[in-house]
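Welcome! Let's learn to read a structure together, one question at a time.

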Amino acid sequence: MWRLFKTIVLRDLLLALRRRTEILMTLFFFIVVISLFPLGIGTDRQVLVQIAPGVVWVAALLASMLVLERLFAADYLDGTLEQMLLTSQPLSIVVMAKVCAHWLLTGLPLVLISPLVALQYRLEDEQIVSMIWSLFLGTPALSMIGAIGAALTLGLRGGGMLLSLLVLPLYIPVLVYGAGAIAAGAVTNAPQQAYYMLLSAFTFLSMALAPWATSAVLRFSLE
Amino acid sequence: MIVSINWFKYSSPASFYPLAGRMIPWFAVPAILLIIVGLYWGFFETPNVLSDQKQYYRIIFVHVPAAWMSMWLYVVIAGWGLIGLVFNTRLSFMMAAATAPTGTIFTFLALWTGAFWGKTSWGTWWDWDPRLTSELILLFLYIGYMALQAAIDDVRRADRASAVLAMVGLLMVPIIYYSVNCPDPNQCTALHQRSSVRSIESNIFWAMLTMTLAFWLYSFVVILKRVRNIILEREKYMEWVSELPEIKSQRSRDR
């Protein structure tokens, strides 16, 4: 089981490395969206610190949304997904591996680039740390919940638009507490532990339930 | 007298279709009567709790029942979806699909009447109050559900996929509600607007309950009507459909 997991993660990473533009696209989308807000709202430092948590998190939601459609699409088109459904191993392991690879490719780069973005909004050092932590703890939940949506809309016309309609409302708790954690550090100076614990709770809960639901949906979709 | 119902017999669309037709008047007549009674009671027979000028509060007799129904119908959809996935019955999915538009309409009605109420009492059409926000998110969930169902051409896949979506949504609703209710986990005691059902006058409460019952019966009527249409649409090539008297007369007229 572990070997299957490792094989699929490595395979997906390798495939993505062969086509680097997709990863970079997500990353630059994230940066561009975040850079647009100060241009539209104004560059007053007080305002920037106020809006930074929400802007960063909404940009992260949209960026992870952007490539979600392709989570299963390539494997679905060339028939690999059907072979994966036929393995004797549990399908949820396959899904888990694919989602992990997806997070390594789209979530982790956002976490790593966020300090740079935070500088644009003139956040202090400890606020940058809290931003990294909240993104690190929250983005896996986005990939997990998103996988359900990706499986639901697999192979549909206009699947991308539909996907965002289905998944974005489900992202709300992560957005609220993710942005809340940064805001607690930056604006109100409240303790942040509770936010981190809730974000990790979402991540673990979605890790437990989402692969299972996703594999059920994949079976319906490929019937 | 104990009536034992053979549930499996009526889980077949062919035998449910006529049953639904017979059930509709039994729900429609009480629904109309209760709406008339409830509205009259609510509008003319309840005391003025605020002052003579503040008659606008009477929108409560539409607003609260609509909000309750909007939440309940989402649970119903997820429940039908679960039954459908477990027992593999086509009719359960059809019931879920028939319930969604009614639920959406009630959600919209609750938001719309709430906006009027908010404008007159708070002076604003919209406020980011937790209840309003969660009702808005419920509307998004309903729309997502119907959009997914409309997007998938294969009926079997559409049914099952949307059933899973409804159940995921149902699981997320408490979490979303909690998160909009208390965005700051350090101080979660201050819930904005606690439920005030217990503190209101019994007269108003009963009028509101009458309206809720009326809306509930109304939902039965439209859902049964809609499910009859869905059955006809999905089973139009079946033999029993072509033998229905209403279809026969229609077809002979077309010819």
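Q: Leaving aside its neighbours within four places in sequence, which residues is V56(A) in contact with?

A: Happy to start there, with a reminder that this is a predicted model. Contacts between residues separated along the chain show how the fold comes together in space, and here V56(A) is in contact with I34(A), S114(A), V117(A), M131(A) and I182(A), once neighbours within four places are set aside.

Q: Which residues touch the most other members of the largest nonpolar core?

A: A core can be read by asking who touches whom inside it. The largest nonpolar core has 130 residues, and V56(A) and V217(A) touch the most other members. Helix α7(A) contributes the most to this core, giving 13 residues.

Q: I34(A) came up as a contact of V56(A). Which residues of its helix, α2(A), are buried?

A: For a helix, look at which residues point inward. In α2(A) the buried ones are T26(A), F30(A), I34(A) and F37(A). They lie on the same side of α2(A), because they cover an arc of only 60° around the axis.

Q: What do these buried residues of α2(A) pack against?

A: Their partners are two other helices of chain A, α3 (45–68) and α6 (91–120). Turn to the face of α2(A) pointing away from the buried side, and you find the exposed residues T21(A), L24(A), V32(A), L36(A), L39(A) and G40(A).

Q: How far does α2(A) reach from its first C-alpha to its last?

A: Comparing a helix's reach with its expected span is a handy check. Helix α2 of chain A covers residues 21–41, and its 21 residues reach 30 Å, close to the 30 Å expected at 1.5 Å a residue. Just after α2(A), G42(A) takes a positive phi of about 120°.

Q: How many residues of chain A are in contact with chain B?

A: The size of an interface is often given as the accessible area lost when the parts come together. Here we can count residues instead: 25 of chain A are in contact with 24 of chain B. On the chain A side, the elements giving two or more residues are α7 (125–152), α8 (159–167), α9 (172–188) and α10 (193–221). The largest share, 8 residues, comes from α10(A). By type, this side of chain A divides into 21 nonpolar, 3 polar and 1 charged.

Q: How many helices and strands are there in chain B?

A: Listing the elements gives a quick picture of a chain. Chain B has 9 helices and 0 strands. Of its 255 residues, 33% are buried. Among its contacts with a separation of 6 or more, 76% join residues 24 or more positions apart.

Conventions: Residues numbered from 1 in each chain as written. Chains lettered and ligands numbered in written order. Predicted model: local features only at pLDDT ≥ 70, side-chain atom pairs only at ≥ 80, totals over all residues. Helix = DSSP H or I, 4+ residues; strand = E, 2+ residues; numbered from the N terminus. Expected span 1.5 Å × (residues − 1). Buried ≥ 20, exposed ≤ 12 C-beta atoms within 10 Å, placed from the backbone. Arc of directions from axis to C-beta. Contact = placed C-beta atoms within 7 Å. Nonpolar A, V, L, I, M, F, W, Y, C, P; charged D, E, K, R; others polar. Core = buried A, V, L, I, M, F, W, Y, C linked by C-beta atoms within 7 Å.
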